[in-house]
Amino acid sequence: MTRRVTSIVGMVRTEGGARRPWAPAHPGLLAARVAAGCLVVAGVAAQVVRPLAPDIGPVLDPTTWFDAAHLARVQEYRGPRYAAAVLTLVLRLAVPLALVLTRPGRRLVERAVQRLSHRPGLAAGLLVAGALAATDVVLFPLAYWFGFVHEGAFGFRTQGFGGWLYDWFVGRAPAWLAALALVPAAYALVRRLPRAWPAVAGLLMSALIAVVVMASPLVLEPLSFRFEPLPEGPLRVEIERLLERAGQPVDEIVVADASRRTTKQNAYVSGLGTTRRVVLYDTLVEQRPPAEVGVILAHELGHDAHADLARGVAAGGAAVIALCYLLAAVLRAASRRGRLEGPADPRGAVLALALVIVLDVASQPVEMWLSRRAEAAADYAALELTQDPETYLASKQQLARANLSDPLPPRWAYLMWSSHPAMAERLTMGERWPFTEP
């Protein structure tokens, strides 16, 4: 067969339209790749170049602060949770991998694709949403034991089964709906932009992450909590004093009605830009003295001063761009081996989902390590702001007692699931503050 070579705008193509490997990229594709590369660099830099806590040295023994009876109670509560978490992880991997690696799973995917052969994008979306929903159904008994039975046995749960079931559904339905909406759109993007889609999809998903974080206080959080402004009183006076000292204007400090589902205490920062706010659980506000709540708020102000939410959005954007390029490589490899009819084959959606979940589990220790660095820095910022290590120590001990936190969890569990430094580490920081330069 003869081949006719044609030059069009400096790009070398063969008769069939296939582009030679050495042909220059289209300017739009080049721009998308440069933008994606810049975002990856920014996301990595946001985590590498950031405020950090000083080295606290050897961690003190938990018996420094907690008696044997309390530590035994912690193990009674936490031990079964560790076992349930391992089983949850295994089952979370099992469902999508079964669809990819087992013959019955592949037959099920094939039947779904054939029935919707006229709507391949919809088939891809339904496959992913169905796999996510099936995983949640398989995990439901564990979630019920985890969140309803076990929490109730230790006095943490304050809601009935109906309320718990509503929270379970609200916590998972957004992922199902997102799959139904985003996967067909991604499928269309792969078909329309077979070479450019990893960069374009990565940039769009990065923007979506930022939008979700910004909109969360307005759209997602109200599904779980009702919020009220922090009322006048000693606590508000303490908080206004802290805000003035920190020089950090916070648009909104609100109280969430967490007590209708749990007795645990917590606080967090949410939103970006105009939606940024600090949220305090009512269990915290009602059960802790203003000075201790102030220390906890100072920790959240540390997150705000360090722009940790924005750093997280940038890191998430970098991760999703890298993921898109990896998915493109895997789909191309599967197509070359004849397992898919091309990167836009809807059967590839299940393969992509399995890869995403495997990578999510594999990267979790890194994610937790980054989170612990940010949390340690926020603890140090709280000490620097309040200049009150005694109240810091009291607040951390009471928080650990109220939530039955494991002061020094098993190393494997710490590496895999601990988003915060162990409570013994946090208390050791308070005991050794202020740190002196060597």
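I started at S395, which lies in helix α12 (residues 389-403). Helices here are DSSP runs of H or I with at least four residues, strands are E runs of at least two, and both are numbered from the N terminus.

Before going on, I noted what I'm looking at: a predicted model, where local features need pLDDT of at least 70, side-chain atom pairs count only at pLDDT 80 or more, and totals for chains, interfaces and linings use all residues. Residues are numbered from 1 along each chain as its sequence is written, and side-chain values use heavy atoms, with hydrogens and water left out.

**S395 and E292**

Is S395 buried or exposed? S395 counts as buried because its relative accessibility is 1%. The cut-offs I used: buried is under 20% relative accessible area, exposed is over 50%, and partly exposed is in between, with a 1.4 Å probe and protein chains only.

Next I listed what S395 touches, skipping residues up to four places away in sequence: R288, E292, V295 and I296. Contact means heavy atoms within 4.5 Å.

E292 was on that list, so I followed up on it: E292 is buried too, at 11% relative accessible area. E292 sits in helix α9 (residues 290-305). With the same sequence neighbours left out, up to four places away, E292 touches T391, A394, S395 and Q398. I also checked one C-alpha pair: E292 and T391 are 99 residues apart along the chain, yet their C-alpha atoms are separated by 6.0 Å.

**Helix pairs**

Two packed helices are described by the angle between their axes and the distance between the axes. My axes are lines fitted to C-alpha atoms, for helices over the stretch in contact, with angles from 0 to 180 degrees between N-to-C directions.

I took α10 (residues 308-336) and α11 (residues 348-386) and found that their axes come within 10 Å and cross at roughly 150°. That makes α10 roughly antiparallel to α11. For the angle classes, under 35 degrees is roughly parallel, over 145 roughly antiparallel, 65 to 115 roughly perpendicular, and the rest oblique. The α10/α11 crossing is right-handed, meaning the near helix is turned clockwise from the far one by less than a right angle; anticlockwise would be left-handed.

Which residues of α10 and α11 meet? On the α10 side I have D308, L323, L326, L327, V330, L331 and A334, and on the α11 side G348, L351, A352, L355, V356, L359 and A374. By class that contact has twelve nonpolar residues, one polar and one charged. Nonpolar covers Ala, Val, Leu, Ile, Met, Phe, Trp, Tyr, Cys and Pro; charged is Asp, Glu, Lys and Arg; the others, Gly among them, are polar.

I then looked at α11 against α14 (residues 423-432), where the axes come within 11 Å and cross at roughly 30°. That makes α11 roughly parallel to α14, and this crossing is right-handed as well. A376, D379, Y380 and L383 in α11 meet R426, M429 and G430 in α14. I get four nonpolar, one polar and two charged residues for that contact.

**Cysteines**

How many disulfides are there? The count is zero, taking a disulfide as a pair of cysteine sulfur atoms within 2.5 Å. For C38, the nearest cysteine sulfur is that of C324, 17 Å away. C324 counts as buried, at 7% relative accessibility.

**Whole protein**

I closed with the totals: 14 helices and six strands, with 45% of the 438 residues buried. The C-alpha trace spans about 85 × 45 × 40 Å along its principal axes.
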